[in-house]
Amino acid sequence: MKLLDIKNLSVRFGDANAVPVVDGLDLSVDKGEVLAIVGESGSGKSVTMLALMGLIDPPGVVSADNLQFDGTDMLRLKGRQRRRIVGKDLAMIFQDPMTALNPSYTVGFQIEEVLRQHLQLSAKAARRRALQLLERVEIPAAESRLDAYPHQLSGGMSQRVAIAMAIAAEPKLLIADEPTTALDVTIQAQIMELLLDLQREQDMGLVLITHDLAVVAETAQRVCVMYAGQAVEVGVVPGLFDAPAHPYTEALLKAIPEHSLGARRLATLPGIVPGRFDRPHGCLLAPRCPYAQSNCQAQRPTLDPQVRGAVRCFYPLNQEVA
Amino acid sequence: MLSFIARRLGLLIPTFFGVTLLTFALIRMIPGDPVEVMMGERRVDPVMHAEAMERLGLNKPLYAQYLDYIGQLAQGDLGQSLRTRESVWSEFLTLFPATVELALAALLFAGSLGLIAGVVAALKRGSLFDHGVMGISLAGYSMPIFWWGLLLIMFFSVWLGWTPVSGRIDLLYDIQPVTGFMLIDSLLSGEEGAFVDALRHLILPAIVLGTIPLAVIARMTRSAMLEVLREDYVRTARAKGLSPARVVFVHGLRNALIPVLTVFGLQVGALLAGAVLTETIFSWPGIGKWLIESIGARDYPVVQNGILLIACLVILVNFVVDILYGLANPRIRHQR
Amino acid sequence: MTATTTPLDQALLYPSPLKEFWQAFAHNKGAVAGMLFMVLLVFCALFAPWLAPFDPSEQFREFMLTPPAWLEGGQWQFLLGTDELGRDLLSRLIHGARLSLLIGLASVVLSLLPGILLGLIAGFFPRLLGPSIMRLMDIMLALPSLLLAVAIVAILGPGLINTIFAIAIVSLPSYVRLTRAAVLGELNRDYVTAARLAGASLPRLMLVTVLPNCMAPLIVQATLSFSSAILDAAALGFLGLGVQPPTPEWGTMLASARDYIERAWWVVTLPGLTILLSVLAINLMGDGLRDALDPKLKNAV
């Protein structure tokens, strides 16, 4: 059984006519697997995971055929039952660590809160465990940092605290929503390394939302590429990097600076992601796609299996069997 | 924390001297001859006039007069009331608890109701309740409270007869002032029904005085809460699987309280101004009524130093609020 | 510059700032309602002698404390009833609008102009002059505004002019603070530096370059202090320290109505209701102005 199994997930903000932010998404994660979700800003990566966590508020509406985590359908859970899972078996780290921690409480309080909520630890035990956690995420002088307030920490430190908070109850699945985007370049690698260490150590599933393809290549086992709320390609690493099947994936890869060494200009994909009012009838990428044919404009492709993984395209690339 | 307090304390001193300068200047702006005004009679005998000028130090240069004034204040001498011949300080002390009692009751009313209304309105944003709270608070904010007081008296005292019209307690009860707080003193007196009677006297004035703070606090709580609920750390708290109550109160309200507290502090000044009106309407024997009566009687020593005392009070309260603000907001506390 | 102008594509033209402002303002229903009430009030104030059915101090001794016309015992000639001396309440309220608006307007002008000037000076001279001005304003703020007004009137004596004066002094600090804060925000902008380098004189820099960019919060503040001026003036009148009877000032009317609280609810209710509605209307307008002019201030109280 998959640890996470999402079938046909849609998220809309507004009534049924509203354009979905996430549109019929299928996704799965195995125990101990690292899955990367890549795509431009606004492609629905974060919203997908927020929907899983139950953090979409009205007017947002979540629907799915199946939103199964660890054997339970998260969509059918109500309040208290859901909260027994969220924060314990299913934890999330957010993009900007400087705003993700509550400025009014100490680091220790915010970590202990999770321990007391989910593991029913006593105050003393919770504090001891919080200290261990801070040490585990490699915060120097952890003892004194327990009583520090978030504003006294750097961005990297704050993200370590956020990670400690997320892994406090030893989750089965950790979602990291662009965990390094807001950090200095020098810190980014350290944080990624820490996350992967923890993932291996606790054998967690890890969903890594990012737009840094270099990170994906180094860390993930599988990749889901999202465009305008849909998964356009799902594949394994490194296969997807060597032979992208979807034109959009190809364009993303071409836009990595390393790929353009020697070229005068960085390769780009012309145009922008379709908005609410100019959503194409056919393939969502068609207006920007260099390979688009006439039926691409008229019909919308489905996500179909191909040589390595699955792709949402009538004319997938690199289909010759190696 | 101590250095934080010391820093704020340092800011207090120049403000205090500024206020003494103000009250000093105020009394010298009275049109007409100061001795005649002070003695309350026209055509004072020239010899007596000169004597009075000498005695009051009014023939010295202005700076010397100011130094005299400061000297007196430093010795705790706030002068004598022209009406009662009692010292201003002792009059202030007897009347002050009444005002504090009224103000605390008003703040309790405004604070508790305002916080609840503001939080609920924020949580149910756009609902009928939300619109209702916002509408009522706008009306409350625009309320001429002296009229509001009359209206409540007319309704509850005159028509329904539920509450007394004026004073702190019925004259039937002979309450010895111990603490000066009627609610406590009436309990201490052991007289049957005295406490309830004191409470019935307090309720309307407290509502009237609390109306504007209530409106302000409800509005501010709502907007602060709406802002805070959008913050990332609230999302983090929800992602931890905490209960909605804990998310709203522990993670949300705690941060929303910071701006609310500031407004709360600013309201204390307004509260004392409101006390002047409220005490006049309800014949509440506090410092507000005292001040207005003294103005009417041209009792200038009381007016001058009464204003000084009230100003010091406001400064002091703002200082305390500043400290509380520091306690509530770690970011302020750790500044430099 | 030639006389012939090429026709422009209308779609490319931005709406004029005034029109843009009006669209934002008109979107706010409360603000429009407030403005309509204010227009009515101003109309009453301007044409009071012609609108009011009677002279506000004419006493009809045989009609003392007549209830409003629609009640039992009411007289249709006294639409809102009469007061304790048999004066027509409606006429007094209409004439009262004159006084309240006059006090509001005069005190706003009297505090706005020096307030802006002091604020500009405080912003432009941050070394010595600025801090001393700000200290002075802090001291004035140490006293609640109504109390300071009471103190000033207590010294100067009651009356219309002194009321205006006291309220103007009391609202001075907020203008000074606001102007200074806005000036400090603008001073570091490039356009100010550019004007400096171009050799603009100090008065020009203050009044022509910087001031217009600080106007939005000042206009909002002026509206809000207009309403608190009306409120404070009425409070002073109620305390017997403001405009003196028999002048039909709303607060003063309430003060004399207090004694009839048990017999004639209308003499107590109507003047206060008029004050409440006027202040409410101005505050609604102020909210609308704030949202339309300066979205940054939206959450300020």
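Student: Before we start, what does buried area mean here?
Tutor: Buried area is the accessible area, taken with a 1.4 Å probe, that two parts lose on being put together, summed over both. Keep in mind that this is a predicted model.

Student: Fine. How much area is buried between chain B and chain C?
Tutor: About 3,900 Å². Carbon and sulfur atoms give 80% of that.

Student: Which three residues of chain B supply the most of its buried area against chain C?
Tutor: B:Phe146, B:Trp147 and B:Leu150. Together they supply 16% of what chain B buries there, more than any other three residues.

Student: How many residues are in contact across B and C?
Tutor: Chain B puts in 47 residues, and chain C puts in 38.

Student: Any charge pairing? How many salt bridges does the rule find between B and C?
Tutor: The rule finds 1. B:Arg219 and C:Asp287 form a salt bridge through their side chains, at 3.3 Å from N to O.

Student: And how many residue pairs are in polar contact across B and C?
Tutor: There are 6, with both residues at pLDDT 80 or more.

Student: Which elements of chain B give two or more residues to the side touching chain C?
Tutor: Helices 1, 6, 7, 9, 11, 12 and 13 of chain B. Among them, helix 9 spans 194–229 and helix 11 spans 244–282.

Student: What's the class split on that side of chain B?
Tutor: 39 nonpolar, 6 polar and 2 charged residues.

Student: Switching to chain B alone. Where are its domains?
Tutor: Domain 1 covers 2–74 and domain 2 covers 92–333. Their centres, over C-alpha atoms, are 33 Å apart.

Student: How many residues does each domain of chain B bring to the contact?
Tutor: Domain 1 of chain B brings 17 and domain 2 brings 15. The area buried between these two domains is about 1,500 Å², with 82% from carbon and sulfur atoms.

Student: Which residues of domain 1 lose the most area to domain 2 in chain B?
Tutor: B:Phe4, B:Arg8 and B:Leu12. Together they make up 32% of what the domain 1 side buries.

Student: How many salt bridges and polar pairs between those domains?
Tutor: The rule finds 0 salt bridges between the domains of chain B. It counts 2 residue pairs in polar contact, both residues at pLDDT 80 or more.

Student: Which helix gives the most on the domain 1 side?
Tutor: Helix 1 of chain B, with 13 residues. Helix 4 (62–74) also supplies at least two. By class, that side has 13 nonpolar, 3 polar and 1 charged.

Methods: Residues are numbered from 1 along each chain as its sequence is written. Chains are lettered from A and ligands numbered from 1 in the order in which they are written. This is a predicted model: local features need pLDDT of at least 70, side-chain atom pairs count only at pLDDT 80 or more; totals for chains, interfaces and linings use all residues. Side-chain values use heavy atoms; hydrogens and water are left out. Domain bounds come from an automatic or database domain assignment. Contact means heavy atoms within 4.5 Å. A salt bridge is a side-chain nitrogen of Lys or Arg within 4 Å of a carboxyl oxygen of Asp or Glu. A polar contact is a pair of N or O atoms within 3.5 Å; within protein, one must be able to donate a hydrogen and the other to accept it, and residues adjacent in sequence count only if both atoms are side-chain atoms. Helices (H or I, at least four residues) and strands (E, at least two) are DSSP runs, numbered from the N terminus. Ala, Val, Leu, Ile, Met, Phe, Trp, Tyr, Cys and Pro count as nonpolar, Asp, Glu, Lys and Arg as charged, and the others, Gly among them, as polar.
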